[in-house]
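This report looks at how one protein chain is held together in its model. Please keep the sequence and the structure in view while reading.

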Amino acid sequence: MAHGKVTITVDEYSSNPTQAFTHYNINQSRFQPPHVHMVDPIPYDTPKPAGHTRFVCVSDTHSRTDGIQMPYGDVLLHMGDFTELGLPSEVKKFNDWLGTNSHCYISRPSRQELPLM
């Protein structure tokens, strides 16, 4: 492996999220920025090859975790909003729901990352 300098190009819209959303949301079902490559999902019941890690990603559950049937995975990633209003009861409900999942590793915010209530 060669060691050297790597140039990382910053997206022109990275300093303006509203403009980025507008730009990249154009016909979102067919348009993808040039640096995004779509991949076909693997069916959830496909046997996992030895030495591989299966990630399960969910987002924006907004306190609506009742009835979600999670596929098996090694790592559960929750991206986006997990409460509707950020109420302590919603945070507790989400934490309790996380405890019902059988993933080997669950990433959750540390106490320092949770909002003060």
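Which residue forms a salt bridge with K48? The partner is D74, and the closest N and O atoms of the two are 2.7 Å apart. The model is a predicted one. The pair links distant parts of the chain, 26 residues apart: K48 belongs to the loop between helix 1 (17-24) and strand 1, and D74 to the loop between strand 1 and strand 2. With a relative accessibility of 34%, K48 counts as partly exposed. D74 has a relative accessible area of 11% and is therefore buried, the limit being under 20%.

**Salt bridges**

Side chains of opposite charge can pair when their charged atoms come close. The whole structure contains four salt bridges. The table lists three of them, including the pair just described.

| Salt bridge | Closest N to O |
|---|---|
| K48 and D74 | 2.7 Å |
| E84 and R64 | 3.5 Å |
| K92 and D96 | 2.8 Å |

E84 and R64 also connect distant parts of the chain, 20 residues apart. E84 sits in the loop between strand 2 and helix 2, while R64 sits in the loop between strand 1 and strand 2. E84 is partly exposed, at 42% relative accessibility, and R64 is exposed, with a relative accessible area of 57%.

K92 and D96 both lie in helix 2, four residues apart, which is about one turn of the helix. K92 is exposed, with a relative accessible area of 52%, whereas D96 is partly exposed, at 39%.

**Helix 2**

Helix 2 has 12 residues. From its first C-alpha to its last it reaches 17 Å, close to the 16 Å expected at 1.5 Å a residue. Its buried residues are E90, V91, F94, W97 and L98. Why do these residues line one face of the helix? Seen down the axis of helix 2, the buried residues fall within an arc of 125 degrees, so they line one face. An α-helix has 3.6 residues a turn, so residues three or four places apart point the same way. The face turned away from the buried side of helix 2 carries the exposed residues P88, S89, K92 and G99.

**Strands 1 and 2**

Side chains alternate along strand 1. V56 and V58 point to one face and are buried, while F55, C57 and S59 point to the other face and are not buried. Strand 1 runs parallel to strand 2 (residues 75-79), and five bridges join the two strands. One of the residues in these strands, V56, has L76 of strand 2 as its bridge partner.

**The nonpolar core**

Which residues make up the largest nonpolar core? There are nine: V56, V58, M70, L76, F82, V91, F94, W97 and L98. Strand 1 (55-59) and helix 2 (88-99) each supply at least two residues of this core. The largest share, four residues, comes from helix 2.

**Aromatic rings**

A pair of aromatic rings is described by the distance of the centres and the angle of the planes. The structure holds two aromatic pairs. In one of them, F94 and W97, the ring centres are 5.7 Å apart and the planes stand at 40 degrees, so the pair is tilted. F94 and W97 are three residues apart in helix 2, about one turn of the helix. Both F94 and W97 are buried. Ring pairs link F82, F94 and W97 into a cluster.

Definitions and conventions: Residues are numbered from 1 along each chain as its sequence is written. This is a predicted model: local features need pLDDT of at least 70, side-chain atom pairs count only at pLDDT 80 or more; totals for chains, interfaces and linings use all residues. Side-chain values use heavy atoms; hydrogens and water are left out. A nonpolar core is a set of buried Ala, Val, Leu, Ile, Met, Phe, Trp, Tyr and Cys residues joined through side-chain atoms within 4.5 Å. Buried means under 20% relative accessible area, exposed over 50%, partly exposed in between (1.4 Å probe, protein chains only). The expected span of a helix is 1.5 Å times one less than its number of residues. The arc is that of the directions from the helix axis to the C-beta atoms. Rings of Phe, Tyr and Trp (its six-membered ring) pair if their centres lie within 6.5 Å; planes under 30 degrees apart count as stacked, over 60 as edge-to-face and the rest as tilted. Two strands pair if DSSP finds at least two bridges between them. A salt bridge is a side-chain nitrogen of Lys or Arg within 4 Å of a carboxyl oxygen of Asp or Glu.
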